[in-house]
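Colleague: I would like to learn how to read a model such as this one. Could we go through it feature by feature?

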Amino acid sequence: MAHPASCSGAWAGDPESVRILTLCAEFAPFAKIGGLADVTAGLSHWLSGRGHQVVAVLPYYGALRTQGVRLEPHAVVGPRYWEAGANPIRYAVHRLAGADPAGPAVYAVDAPDLFGGSVYSSGENEAMRFLLLSRAALELAVEAGFAPDILHCHDWHAAPAALMVRERFAAERVFRQAYTVLTLHNIGYQGVFDAVLLARCGEAALTRLFAAEDLREGQVNFLRAGIAHADALTTVSPTHAREIQTPEYGMGLDELLRSRRHRLAGILNGVDYGRWSPEHDPHLPQHYSAADLCGKRVVRAALLDDLGLALPAGVPLVGLVSRLAGQKGIDLILEALPAMLDRRPFGCALLGDGEPAYVAGLQELTQRFPGWVAHVQAQDEPLAHRIIAGSDLLLVPSRYEPCGLTQLYAMRYGTVPVVRMTGGLADTVTHFDPSTGIGTGCVFRDADVGGLTWGLDTALDWFGDERAWQQLVRNGMRQDYSWDHQGPQYEALFARLAGG
Ligand code: ADP
Ligand code: GLC
């Protein structure tokens with residue numbers, strides 16, 4: 001199949017292959033805050049490896065420029081001006097220079113006035129960023145003559161594209177056969193803004209596609225509109241697909257999601273084991289495998305050293321690698337851990353940045369238990385790998401978790417996940433039974449201090465039983481959540497849509 005190596009000329013392709021235009025706010029390794037980046041990149045690479053033509057478009061954030069991520073000099077779109085807000089905004093779309101030539105074609109929208117700083121901003125700037133991402137990505141397809149079969153929009157940030165193909169771009173030939181797929185990674189973020197913004201950005205014609213109930217309140221909700229108008233909806237685990245149709249987990253969208261349930265599928269995320277495997281992870285001081293776990297002890301020792309933890313030999317280390325957001329159950333950790341640390345010996349290696357109250361809480365915990373608890377407030381990819389590899393247990397006590405990736409990574413690295421029974425955590429971790437030796441982690445039910453305490457106590461007790469523990473570790477390492485397992489479900493969905 002001809003790979004979309006450049007944007008000039010026609011995009012000839014194998015008739016069996018599907019052309020996919022992917023829009024997202026994050027794409028690893030260029031722009032990453034959480035799992036969205038791993039999944040957009042992992043899925044795009046897998047699909048392109050399967051012979052599909054994947055074009056991915058993300059914003060060229062100021063942080064990318066600072067980190068030395070380069071654009072190819074030739075702009076495929078623009079420079080153009082977008083008449084939005086007080087001053088016209090200059091933008092252009094370029095191919096990213098550092099992207100893997102064997103992978104998907106990755107493009108970035110360069111608009112320094114909008115995309116300064118890191119991945120997310122707030123308020124009107126945030127709305128404008130993602131209106132422009134959609135508009136520029138669709139213009140890229142038009143300019144390049146790339147006629148996608150699938151317009152794959154990730155989260156609210158890309159939902160405007162699913163609307164714009166019905167309005168501004170409705171007459172464009174390249175979109176005549178395009179089906180829109182909206183993947184819901186996290187409905188906790190919906191993109192709700194003042195409705196006047198649409199007119200201010202020259203997108204007043206989109207107004208009719210937004211929910212009347214929101215417009216009456218003077219608001220637009222990008223995610224709600226995307227859900228209402230996409231041809232197909234996916235979320236990132238089967239359990240979460242069911243959960244979001246309930247008032248408890250639906251975040252105000254459950255009624256709409258129930259009404260569109262025949263278009264909604266739950267497809268579990270895959271893991272890119274090329275990046276996440278202890279056998280060849282470049283971030284580890286020593287490699288290891290299920291056949292020889294000696295290296296894991298070396299990684300643990302180096303990690304303890306790095307973090308200034310002084311655990312006696314044989315004392316378990318509990319890791320956490322998480323955005324510090326309400327979703328993640330950090331409040332439960334802050335409430336439960338002091339009493340547990342007073343009662344029994346274990347150490348904690350905590351990596352996370354986010355809401356200031358949680359940062360302060362974790363810092364306080366480190367001060368109260370010096371040498372036993374360390375918290376690093378940073379976005380630090382190498383350290384994330386070392387904590388996941390060097391810990392004995394990984395805590396994921398989420399209040400809701402659409403899929404979750406860290407528990408999948410943990411299992412691969414022989415680190416036992418302690419998770420709350422929700423969403424993708426419930427779908428991927430099975431509670432261990434020491435009497436049968438079956439199970440991959442510890443699963444607790446209640447999102448409260450009692451639930452978390454029970455879960456962590458249970459797993460720490462297992463740690464004391466060397467034989468059971470070895471079995472549990474190896475059960476996890478044997479799991480396979482590669483894209484080879486999960487990707488075909490997207491492929492089947494896309495083929496079904498593209499086949500009419
Ligand atoms: P979410 O997408 O909700 O944040 P996931 O479990 O799906 O949760 O994905 C989290 C991803 O972000 C993982 O790749 C994890 O290693 C990474 N991550 C989270 N916090 C940090 C951090 N502070 N530094 C580096 N990586 C982090
Ligand atoms: C979201 C979810 C997480 C999921 C990730 C990638 O941010 O919180 O559960 O794994 O997206 O799909």
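**Helix, sheet and ligands**

Modeller: Begin with a helix and the strands under it: helix H16, residues 449-463, lies across S12, S15, strand S16 (416-420) and S17. Its direction is about 160 degrees to that of S17. Keep in mind that this is a predicted model.

Colleague: What is the order of the strands in the open sheet?

Modeller: To read a sheet, list its strands by who pairs with whom. Here six strands form an open sheet in the order S14-S13-S12-S15-S16-S17, and the pairing is parallel. Strand S14 (373-376) and strand S17 (442-444) are the edge strands, each pairing on one side only. On average, neighbouring strands of this sheet are turned by 15 degrees against each other, direction ignored.

Colleague: Which helix packs on the sheet and touches S14?

Modeller: Helix H13, residues 381-390, does so; it also touches S12, strand S13 (347-351) and S15. The direction of H13 makes about 145 degrees with that of S12.

Colleague: Over how many bridges do S12 and S15 pair?

Modeller: Strand S12 (residues 317-321) and strand S15 (residues 393-396) pair over two bridges, in the parallel sense. As for single residues, Gly319 has Leu394 in S15 as its bridge partner.

Colleague: Now the ligands. Which residues come nearest to ligand 1?

Modeller: For a ligand, look at the surrounding residues, then at the polar contacts, then at the cover. Ligand 1 has 22 residues around it, and Lys32, Gly35, Arg323, Lys328 and Ala378 come nearest. A polar side-chain atom of Lys32 is 2.8 Å from an oxygen atom of the ligand. For Gly35 a polar backbone atom takes that part, 2.7 Å from an oxygen atom of ligand 1. Thr406 also has a polar backbone atom 3.5 Å from an oxygen atom of ligand 1. On its own, ligand 1 has 560 Å² of accessible area, and the protein covers 93% of it.

Colleague: Which elements give two or more residues to the shell around ligand 1?

Modeller: They are helix H1 (35-49), H13 and helix H14 (406-412). H13 is thus the helix described above as packing on the sheet. By residue type, the shell of ligand 1 has seven nonpolar, eight polar and seven charged members.

Colleague: How many residues are around ligand 2?

Modeller: There are 14, of which His185, Asn269, Gln327, Glu401 and Gly404 come nearest. A polar side-chain atom of His185 lies 2.7 Å from an oxygen atom of ligand 2. The side chain of Gln327 has an N or O atom 2.9 Å from an oxygen atom of ligand 2, and Cys403 has a backbone N or O atom 3.0 Å from one. Ligand 2 taken alone exposes 310 Å², of which the protein buries 93%. Its shell divides into six nonpolar, six polar and two charged residues.

Colleague: What should I look for in the backbone itself?

Modeller: Look for exceptions to a general rule: most peptide bonds are trans, and most residues other than glycine have a negative phi. In this model, the peptide bond from Ala28 to Pro29 is cis, with omega near 0 degrees. Pro29 is in the loop between strand S1 (19-23) and H1. Gly78 and Pro79 are also joined by a cis peptide bond, and Pro79 is in strand S3 (residues 71-82).

Colleague: Is the phi of Asp155 positive or negative?

Modeller: Positive, at about 60 degrees, although Asp155 is not a glycine. Asp155 is placed in helix H4 (residues 155-164).

Terms used. Residues numbered from 1 in each chain as written. Chains lettered and ligands numbered in written order. Predicted model: local features only at pLDDT ≥ 70, side-chain atom pairs only at ≥ 80, totals over all residues. Heavy atoms only, no water. Pairing = 2+ DSSP bridges. Helix = DSSP H or I, 4+ residues; strand = E, 2+ residues; numbered from the N terminus. Axes fitted to C-alpha atoms, helices over the stretch in contact; angles between N-to-C directions. Contact = heavy atoms within 4.5 Å. Near = heavy atom within 4 Å. Polar contact = N/O pair within 3.5 Å; in protein donor to acceptor, adjacent residues only side chain to side chain. Areas by Shrake-Rupley, 256 points an atom, 1.4 Å probe, with all protein chains shown as cover. Nonpolar A, V, L, I, M, F, W, Y, C, P; charged D, E, K, R; others polar.
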